[in-house]
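Colleague: Could you take me on a close look at one part of this protein? I would like to begin at the ligand and then see what surrounds it.

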Amino acid sequence: MDEPRNEIRKEDLIFGLDIGASKINLFAGVANGDSVRVLECGDFPLTNADEFDHVVEMLKQAAQTVESITGVDVHDVYVGIAGMHVSAVNYKGLITLPTGEVRSQDIEMVKDQASTIPESAGQIIHVFPGEYTLDDQTGIRNPKGLNGRRLGVEVQVVTSRPSAIQNLDKCVRSAGLHTVEFVWEPLAAAYAVLTADEKELGVALVDVGAGTADVAVFVGESLRYTASLDIAGNSITSDISKCLKVPISLSKAEEIKKKYGTCKITNLNADETFPVPGVGERGDVLCSRNLLARVITARVEEIFKLLKKDLEKHGIVGLINGGIVLTGGCCALDGIDEIAEKVFEKPVRIGRPKGVSGIQDAFRKPSYATGIGLLHYAARQRSENKKYETGKQLTVSVKKGLQWLKDLVRTYF
Ligand SMILES: Nc1ncnc2c1ncn2[C@@H]1O[C@H](COP(=O)(O)OP(=O)(O)OP(=O)(O)O)[C@@H](O)[C@H]1O
Ligand SMILES: [Mg+2]
């Protein structure tokens with residue numbers, strides 16, 4: 001049975017903020033063992049995600065919604081970050097072992113060395129562990145206590161353009177909130193939807209949102225690859241607005257996509273139609289649902305093909321033995337998983353946020369994977385009692401004026 005809300009202590013509340021290209025989701029929750037109890041979500045559409053004042057206004061509204069229902073002021077939030085300005089690059093570290101045995105401080109030192117990146121590489125958001133090498137031996141997951149002369153490590157460093165982080169932080173501050181930590185969105189979504197066995201085998205998380213389609217490949221606890229494509233749900237909407245019998249506005253095309261769109265062409269009767277308002281004073285025009293499905297399917301197929309080509313180019317496809325998990329709002333398109341399966345030639349499933357207890361079914365949507373994943377991430381940080389200020393400091397060169405950003409990154413070891 002649900003715990004009454006008035007028994008929730010203020011300090012146990014966690015907040016996750018996903019500012020997407022089409023919406024703001026501000027989730028409030030409470031850590032509950034391995035699961036997260038979602039209390040509320042301030043879910044507001046963004047009509048123009050590029051307009052700063054509009055985003056701040058919607059964010060304020062989302063915060064007010066959450067505050068009015070939880071009865072608690074929202075202040076500290078875990079903020080998702082993703083998009084074309086985020087990238088992940090492999091870096092290596094190599095040190096000589098002073099005592100001939102691997103000690104904790106040697107592991108720290110080699111990781112520090114690997115994550116010391118040039119300023120031009122951007123601002124660090126996360127550092128993921130890779131495998132260690134000890135002299136000629138490779139593939140070591142935990143080298144502590146082993147004997148050798150030279151210890152090496154490969155890490156994946158996720159960075160963002162500093163100005164993108166600054167603008168996101170400015171937006172959060174302008175709404176009266178405070179960023180506890182920036183969290184790379186695919187990492188958050190991974191906490192919400194991936195299973196341990198999928199990660200062990202190697203899994204690709206593919207989020208098809210409004211502005212971008214993002215892929216992240218995880219093997220065990222390490223991130224192996226990430227890419228972002230700026231073709232996603234908005235491109236489908238734009239195709240619809242151009243390809244029907246009559247030209248329509250983007251907002252009307254968006255409505256039609258959600259109401260009549262599908263990727264399952266075979267389920268449709270050849271002559272099935274839906275009404276579209278004619279231009280000017282003209283009445284409704286009947287458009288073919290089959291044509292609509294073909295327009296949508298062509299774009300969805302293109303998105304998956306481009307992602308696959310990129311994975312092939314970087315030799316990643318062979319790592320994905322645990323299949324593909326789809327998240328993001330476009331998963332609402334019936335049959336999208338079947339198209340992904342055909343293109344990637346891998347098992348595909350739709351990722352719904354897991355480990356969510358309480359008032360919950362409404363939150364098990366693939367488009368909430370990031371927001372709920374941010375709660376999982378926050379809960380994990382709390383349970384590990386690793387607050388960001390006591391987290392390990394990364395040796396990273398940061399411009400003087402950006403020194404404050406250094407406090408907002410964390411390392412994944
Ligand atoms: N029922 C539906 N049918 C088809 N598409 C849908 C449906 N519901 C939502 N979408 C699409 O999903 C997209 C929004 O997904 P999501 O909320 O994951 O994006 P976002 O997080 O705002 O964007 P991004 O992750 O790119 O920043 C929009 O393009 C929207 O049209
Ligand atoms: Mg998103």
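How many residues surround ligand 1, and which are the closest?

Modeller: Happy to! Please keep in mind that this is a predicted model. In it, 22 residues surround ligand 1, and the closest are Gly-20, Gly-209, Gly-233, Gly-329 and Ala-332. Sorted by class, the shell has twelve polar, six nonpolar and four charged residues. Two domains take part in this shell: domain 1 (1-85 + 161-194 + 354-413) and domain 3 (196-351) each give at least three residues to it. Two helices can be named as well, since helix H6 (233-243) and helix H7 (250-260) each supply at least two of the shell residues.

Let us stay with those two helices for a moment. The loop between H6 and H7 holds Leu-244. Is Leu-244 buried or exposed? The count for Leu-244 is 20 C-beta neighbours inside 10 Å, and a residue is called buried at 20 or more, so Leu-244 counts as buried. Leaving out residues up to four places away in sequence, Leu-244 touches Val-276 and Cys-287. Arg-289 is 45 residues from Leu-244 along the chain, and their C-alpha atoms are separated by 9.8 Å.

In strand E15 (residues 284-288) you will find Ser-288. Ser-288 has 16 other C-beta atoms within 10 Å and is partly exposed. From Ser-288 to Ile-248 there are 40 residues in sequence, and the C-alpha to C-alpha distance in space is 15 Å.

Helix H7 itself contains Lys-252. With 17 C-beta neighbours inside 10 Å, Lys-252 is partly exposed. If you want a pair of residues to orient yourself by, try Lys-252 and Arg-141: they are 111 residues apart in sequence, and 53 Å lie between their C-alpha atoms.

Next, helix H9 (residues 336-344) deserves a look. Its buried residues are Ile-336, Ile-339, Ala-340, Val-343 and Phe-344. They cover an arc of only 115 degrees around the axis, which means that they sit on the same side of H9. What covers them? Among the elements over the buried residues of H9 are helix H8 (289-313), strand E16 (324-327) and strand E17 (348-350).

H9 is followed by Glu-345, and the phi of Glu-345 is positive, near 55 degrees. That is a positive value in a residue other than glycine. Glu-345 belongs to the loop between H9 and E17. How exposed is Glu-345? It has 11 C-beta neighbours inside 10 Å; since 12 or fewer is the limit for that class, Glu-345 counts as exposed.

Elsewhere in the chain, Asp-135 also has a positive phi, near 55 degrees, and is a residue other than glycine. The loop that holds Asp-135 runs between strand E7 (132-134) and strand E8 (137-140). Asp-135 is partly exposed, with 13 other C-beta atoms within 10 Å.

After E8, another loop leads to strand E9 (150-160), and Lys-144 lies in this loop between E8 and E9. Lys-144 has 12 other C-beta atoms within 10 Å, and 12 or fewer makes a residue exposed, so Lys-144 belongs in that class. Again leaving out residues up to four places away in sequence, Lys-144 touches Val-102, Ser-104 and Ile-107. A further pair to orient yourself by is Lys-144 and Gly-355, which are 211 residues apart in sequence and 33 Å apart in space, C-alpha to C-alpha.

Finally, here is the whole chain as a setting for these parts. It has ten helices and 19 strands. The radius of gyration of the chain is 23 Å, close to the 22 Å that the globule rule gives for 413 residues, so the chain is as compact as a globular protein of that length. The C-alpha trace spans about 85 × 50 × 45 Å along its principal axes. Of the 413 residues in the chain, 44% are buried. Among contacts with a separation of 6 or more, 67% are between residues 24 or more positions apart.

Notes: Residues numbered from 1 in each chain as written. Chains lettered and ligands numbered in written order. Predicted model: local features only at pLDDT ≥ 70, side-chain atom pairs only at ≥ 80, totals over all residues. Helix = DSSP H or I, 4+ residues; strand = E, 2+ residues; numbered from the N terminus. Rg over C-alpha atoms; globule rule 2.2 N^0.38 Å. Contact = placed C-beta atoms within 7 Å. Near = placed C-beta within 6 Å. Nonpolar A, V, L, I, M, F, W, Y, C, P; charged D, E, K, R; others polar. Domains from an automatic or database assignment. Arc of directions from axis to C-beta.
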